[in-house]
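Have the sequence and the 3D view open side by side, and let's take a walk through this one together. Keep a finger on the residue numbers as we go.

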Amino acid sequence: MLVPDDHGVDALSGVDGVRPVRYEPGEPWPADAADAEVLVPRFLANDNVSALLAGLPRLKYVQLLSAGAEVWIGKLPDGVLLATARGAHGGSTAEWVVGGLLTLYRDFPRFIEAREQQKWDFHATDTLQDKRILIVGAGDLADQLSRRLAPFDATTTIVGRHARDGVHAVRELPDLLGDYDAVVLMVPLTSETTGLVDAAFLGAMRDDAILVNAARGPVVVTDALVAELRTGRLRAVLDVTEPEPLPPNHPLWTVDGVFLTPHVGGSVRGGGRRAWQVAADEIGRYAAGLSPRNLVHGEY
């Protein structure tokens, strides 16, 4: 199997039935790549999938180090498995959401600006306590966020694709949005979620609510969001944008009420180790004849 770094070699060296071979992303495959059944792309890789597959005739399984799989969905041939590292980045992404909400509620940017001006800007702020948070997405990320918000005395409601115990269906969103102080997006990017947050979605949110995008940029219609932000009715915490990276002079750089980070929610110290732990477990299951737990394409 092919791995993109030495951490992968170390993580997989003790897995029965696996021989990890190091490759250098962006360079030609090593000599024995043609025999590889398993490929682990680098974290958040946006490589040309077709070009990669052309050099791997025996490929049967792609194991990602990210929770998102949109770059690979629909581009693998029938019979090739695809699994994510779901569970590796949920904690750090949930932590980012809490940090973003606290940044806006406690007015940290204004205090930073005041310090730079050597100004003692005493004023009361808002609080995360007693806020009602709607989480759109019902996977590991939602569970991790709910656990982290509970100690702040904030309450959460989860929305998934289909209704089940403790989870509302996405079709209920129009009736739910107006009841919440913040809406957090934690969905995968699919044909169903692309453009989910449009003008109607944003218009249904309550005044002074905060939209948090911890999913992918195209889930939100950017022009619709900018239009709402310019009125001052809504605020936003964004780790992802459309387009991404955000180009110079884009209105999201300067519009008021936005806390913006460059897609770093899951990029933390120790994140790579956690991703490789998940990957090693998934690949070990594959090597033992079991189906990977985080399978998103193909049947084992």
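Let's begin with helix α3, and with its length in this predicted model. Its 16 residues, at 1.5 Å each, should span 22 Å, and the end C-alpha atoms sit 23 Å apart, which agrees. How much of α3 is buried? The count is 13 of its 16 residues, so the rest of the structure largely encloses this helix. Right behind α3 comes Asp107, with a positive phi near 60°.

Now for the sheet. Seven strands make an open sheet, in the order β8-β7-β6-β9-β10-β11-β12, with parallel pairing. Strands β8 (167-169) and β12 are at the edges with a single partner strand each, so each has one side without a neighbour in the sheet. Going from one strand to the next, the twist averages 20°. And here α3 (residues 90-105) comes back: it packs on this sheet, touching β6 (132-136), β9, β10, β11 and β12, and its direction makes about 145° with that of β11. Another helix, α5 (residues 140-149), lies across β6, β7 (155-160) and β9, and runs at about 170° to β7.

Let's step through a few of the strands. Strand β9 (residues 182-185) pairs with β10 in the parallel sense over four bridges, and Ala182 has Ile210 of β10 as its bridge partner. Moving on, β10 (residues 210-213) pairs with β11, again parallel and over four bridges; this time Ile210 is partnered by Arg235 in β11. Between β11 and β12 (residues 258-260) there are three bridges, also in the parallel sense, and Ala236 finds its bridge partner in Val258 of β12. If you follow the chain from β10 through helix α8 (residues 222-231) to β11, you trace a right-handed β-α-β unit.

Pause on β11 for a moment. In a regular strand, side chains alternate between the two faces of the sheet. Are the two faces of β11 (residues 235-238) covered or bare? Both are covered: Arg235 and Val237 are buried on one side, and Ala236 and Leu238 are buried on the other.

What about the nonpolar residues? In soluble globular proteins, nonpolar side chains tend to be buried together. Here the largest nonpolar core has 30 residues, and those touching the most other members are Val183, Leu185, Val197, Phe201, Met205 and Leu211. At least two residues each come from β6, α6 (173-176), β9, α7 (199-204), α8 and β11, with α8 giving the largest share, four residues. Apart from this core lies another, of 24 residues, including Tyr105, Ile158, Val167 and Val237. For a single residue's view, try Val183: leaving aside neighbours within four places in sequence, Val183 is in contact with Leu134, Val136, Leu177, Phe201, Met205, Ile210, Leu211 and Val212.

Last stop: helix α9 (residues 271-287). With 17 residues at 1.5 Å each, α9 should span 24 Å, and its end C-alpha atoms are 24 Å apart, which agrees. Among its buried residues are Gly271, Trp276, Ile283 and Tyr286. Which elements cover the buried residues of α9? They include β1 (2-3), α1 (6-12), β3 (38-39), β4 (61-63), β5 (81-83) and β13 (295-297). Just after α9, Gly289 takes a positive phi of about 90°.

Methods. Residues are numbered from 1 along each chain as its sequence is written. This is a predicted model: local features need pLDDT of at least 70, side-chain atom pairs count only at pLDDT 80 or more; totals for chains, interfaces and linings use all residues. Side-chain values use heavy atoms; hydrogens and water are left out. Buried means under 20% relative accessible area, exposed over 50%, partly exposed in between (1.4 Å probe, protein chains only). Two strands pair if DSSP finds at least two bridges between them. A crossover is right-handed if, with the strands pointing away from the viewer, the path from the first strand over the helix to the second runs clockwise. Axes are lines fitted to C-alpha atoms, for helices over the stretch in contact, and angles run from 0 to 180 degrees between N-to-C directions. Contact means heavy atoms within 4.5 Å. A nonpolar core is a set of buried Ala, Val, Leu, Ile, Met, Phe, Trp, Tyr and Cys residues joined through side-chain atoms within 4.5 Å. The expected span of a helix is 1.5 Å times one less than its number of residues.
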